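User: Please take a close look at one part of this model, the sheet in the second chain. I would like one connected account of how its strands are arranged and what packs on them.

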Amino acid sequence: MSDFPHTPPKQSWTYSNDVNAEIRRAAATGIYDIRGGGSKRKLPHFDDLLFLGASISRYPLEGYREKCATDVWLGTRYAKKPIHLDIPVTIAGMSFGALSGPAKEALGRGASAAGTSTTTGDGGMTEEERGHSNTLVYQYLPSRYGMNPDDLRRADAIEVVVGQGAKPGGGGMLLGQKISDRVAKMRNLPKGIDQRSACRHPDWTGPDDLEIKIMEIREITDWEKPIYVKIGGARPYYDTALAVKAGADVVVLDGMQGGTAATQDVFIENVGMPILACIPLAVKALQDLGMHRKVQLIVSGGIRTGADVAKAMALGADAVAIGTAALIALGDNDPKWESEYNKLGTTAGAYDDWHEGRDPAGITTQDPELFNRFDPILGGRRLKNYLKVMTLEAQTIARACGKNHLHNLEPEDLCALTIEGAAMAGVPLAGTNWIPGKNGF
Amino acid sequence: MQTFDLEAQGLRALNQALHNLKGANTNETAWEVVNPKGSHAIAVGVDAPIDITVRGSTGYYCAGMNKQATIRVKGSAGPGVAENMMSGTVIIDGDASQYAGATGRGGLLVIKGNASSRCGISMKGIDIVVHGNIGHMSCFMAQSGNILVLGDAGDALGDSLYEAHLFVRGTVKSLGTDCIEKEMRPEHLAIIADLLKRGEAEHLAKPSDFKRYGSARKLYTFNIDNASSY
């Protein structure tokens, strides 16, 4: 050994250990990495925003005495039977197939107890979910797995899915491990094969066709049901405008933090925009058309707390949807299963191989041994608790901003901690009156 | 016979009147729709064992999600005729545009003229009989059910096919990924004979005229060595 100082080993930023591990994995397996969940990158998010609270120029509401309403109407534009929810936090579409029957039941129980809606997914409507959901949104997807007019009519709203935040422009894949007899039957496919879901609808393309498709669904359901159009966070200004033009009652906008049951990691991490960047553009489209609040906007993708709810609504959303957070509330990724996560080569909080159907928490599986671990009554109670807490948190913030309804929150209640957050949200950088990009600056 | 003037009475009134028949004890079992003039969504979501004759051509999604009814179009049909049909029979005297019978789960769709592209796309149990030709990408991702084509098929027939049975009498311009010609066995000839009969085509062809196409099932489980097929 020389006594002279030497250059210590230095890892490459470009070829980091994570990157190199993925290269080695690809070389060894010959398949791209498929996983569940949404983007794991550090993205500009609601954490980059703060509420200003009341001051001399505006006064707050008394925390435990003065009312701050939380209800929301959805589908008031055309539907004969619009939906009225007690809270503006809805449960996003997650399929039976991706989730177990008991998990779907728990979502229905929790949402109904909290006064909100659940949403089916790419696998049709199950009795567990319909039976336990007071308000159920039925997704109309490209695959049309399980689609039928009877379920359309027993839904409370219909969501035409054009895109999803985790994979705007992408279809889906439910791997054979999760195709049990029941899932296979609901989807008219052989048991155990990989099931591909198309990325485009089979019988319409483009906004003009969509308008006719929506009209057809309204005719089938006698114009009773609100029709939502769900879009991934890709071009939210134009997609929102086109959805409105096509006749949507509600636009559902999902950012790239929104989860998926199974998609390529490269897709999840590299396609689409964070929800923070999407909301102001969608709201602008609605405002430009004179339809803000008339066509309601539901946003999703990384909503975790009442603060996130309040921030999304302050930016102009009418309601939000949660998916990943709802699963965590049910028990997904709970450290109590740590030893089993370790056996699967992962750890609590990082488990995302939902497509493999070996979920120790019994939520993203079709294995009876695993899903019988999950108690849908307890799961429903946990979800109800979580939804109530989120609502209370949002109310707390809204009252502090002097608002007697969550819908009265506004961008003027916000500032941003980062230049990126300020530019995306269109609110001033904290301590300044600077909104990057506004007025040419 | 109930005669409904679509131009005078409007689409909403027609579909509502037809929906009102669901589960009803009714003698209104024969309906005639006049002046369709290419309107969209004619007779969608019907759920009653009735006969409906549309005197003229229709726009998008005629007979969409039909259950039980027999619907005849005395003209041609626009895109998505009988989409997601559950049961019953839909007969088009003329031609059909794109996506005829898309995602259909049951019942019988008969097209006496030609069908355009993507006929039978994602079909899930429907039977389709086309007296003429079908366009490109027909039966894409078709899951189950039968299609009988008395004429020719365009490019990429049965691409990414699952378990649907495809029978074509004429030429196939090209087969889609994972779609191959398969052996014709007696049970398939019986299916064809039944489709010819129910499809009002017994006088036009015989079962032995057809070739059978189906899935090679190579895409059923992902394999990197098949990546160029996707």
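**The sheet of chain B**

Analyst: In this predicted model, strand β3 (residues 51-55) and strand β4 (residues 70-73) of chain B pair in the parallel sense, over 4 bridges. One residue pair shows the register: B:V54 has B:V73 of β4(B) as its bridge partner.

Now the whole sheet. It is open and has 11 strands. The order in chain B is β1-β2-β3-β4-β5-β6-β7-β8-β9-β11-β10, with mixed pairing. The edges are β1 (2-5) and β10 (179-182) of chain B. Each has a single partner strand, so one side of each is left without a neighbour in the sheet. On average, neighbouring strands are turned by 15° against each other, direction ignored.

A helix covers part of this. Helix α3 (residues 186-198) of chain B packs on the sheet. The strands α3 touches are β6 (108-111), β7 (124-130), β8 (144-149), β9 (165-168) and β11 (211-215) of chain B. The direction of α3 makes about 65° with that of β8(B).

Chain B also meets chain A. In that contact, 37 residues of chain B face 22 residues of chain A. Helix α6 (residues 206-220) of chain A gives the most to the chain A side, with 5 residues. By class, that side has 11 nonpolar, 4 polar and 7 charged residues.

For contrast in setting, take helix α1 (residues 17-29) of chain A. Helix α1(A) is hardly covered: 0 of its 13 residues are buried. A:G30 follows α1(A), with a positive phi near 70°.

Terms used. Residues numbered from 1 in each chain as written. Chains lettered and ligands numbered in written order. Predicted model: local features only at pLDDT ≥ 70, side-chain atom pairs only at ≥ 80, totals over all residues. Buried ≥ 20, exposed ≤ 12 C-beta atoms within 10 Å, placed from the backbone. Helix = DSSP H or I, 4+ residues; strand = E, 2+ residues; numbered from the N terminus. Contact = placed C-beta atoms within 7 Å. Nonpolar A, V, L, I, M, F, W, Y, C, P; charged D, E, K, R; others polar. Pairing = 2+ DSSP bridges. Axes fitted to C-alpha atoms, helices over the stretch in contact; angles between N-to-C directions.
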